[in-house]
Amino acid sequence: MAKKEHISETPATQMLRKHKVAFSEHPYTYEEHGGTTVSARELGVDEHHVVKTLVMQDEAAKPLIVLMHGDCKVSTKNLARGIGCKSVEPCKPDVATRHSGYQIGGTSPFGTRKVLPVYVEDSILALETIYINGGRRGYLVGIAPRVLVDLLQARPVHCALAD
């Protein structure tokens, strides 16, 4: 008898279901340090549509989340300028985990341990569907980008650098 792959709930999928958000589930074989290149290849989608969730902090060590295209980097200078901070830098992995409640490589902007301000690269909002972490390594969810604004009050920023 074929066993159907069961994807257990995560805080992210619980939040999406609670708010009746339509999403598709996309499990894939996680590769350590593979990033969005691997997930895009495994899902057969353009890496530009895979959105990475980055936990960063400002100069006062206040955490924030930045959502960026998989094939781009974040200009921390442009981000800081755009959100009115002196500087922004990535959190150390253990600090990011403490803020988000998720393991690095499995960080979702949905259902984080603490409510964090969310910033989204503005061009992500123009895409039809995005693939974003569903709360565990090797698991993305497909959603309409509008959900980021509606559910997370994500604020658009312009801080992408071509990778």
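Which residues of α3 are exposed on the other side of the helix? The views below take up this point and several others in a predicted model.

**View 1. Helix α3 has a buried side and an exposed side.** Let us start with the buried residues of α3, which spans residues 76-83: they are L79, A80 and I83. These three sit on the same side of α3 because they cover an arc of only 100° around the axis. On the other side of the helix you will find K77, R81 and G82, which are exposed. Just after α3 comes G84, whose phi is positive, at about 75°.

**View 2. Several strands help to cover the buried residues of α3.** Stay with the helix and look at what lies over its buried residues. The cover includes β2 (50-58), β3 (63-69) and β4 (72-74). It also includes β5 (88-90), β6 (118-121) and β9 (155-157).

**View 3. The largest nonpolar core has 28 residues.** Good places to begin here are L16, L67, F110, I132, I143 and L148, the residues with the most contacts inside this core. At least two core residues come from each of α1 (11-18), β2, β3, α4 (93-100), β6, β7 (130-136), β8 (139-143) and α5 (146-152). Helix α5 gives the largest share, four residues.

**View 4. L148 touches residues from L67 to A154.** Leaving aside residues up to four places away in sequence, L148 is in contact with L67, F110, V120, I124 and I130. Its other partners are I132, I143, Q153 and A154. Among these partners, L67, F110, I132 and I143 are, like L148 itself, on the list of residues with the most contacts inside the largest core.

**View 5. A second, separate core has 13 residues.** Its members include C72, L79, I83 and C159. Two of these names will be familiar from the first view: L79 and I83 are buried residues of α3.

**View 6. H33 and Q153 have positive phi values without being glycine.** For residues other than glycine, phi is mostly negative. H33, however, has a phi of about 60°, and its place is in the loop between β1 (24-27) and α2 (35-43). H33 is exposed, with a relative accessible area of 75%. Q153 has a phi near 55° and is found in the loop between α5 and β9. Q153 is exposed as well, with a relative accessible area of 52%, and Q153 is also one of the residues that L148 touches.

Key. Residues are numbered from 1 along each chain as its sequence is written. This is a predicted model: local features need pLDDT of at least 70, side-chain atom pairs count only at pLDDT 80 or more; totals for chains, interfaces and linings use all residues. Side-chain values use heavy atoms; hydrogens and water are left out. Buried means under 20% relative accessible area, exposed over 50%, partly exposed in between (1.4 Å probe, protein chains only). The arc is that of the directions from the helix axis to the C-beta atoms. Contact means heavy atoms within 4.5 Å. A nonpolar core is a set of buried Ala, Val, Leu, Ile, Met, Phe, Trp, Tyr and Cys residues joined through side-chain atoms within 4.5 Å.
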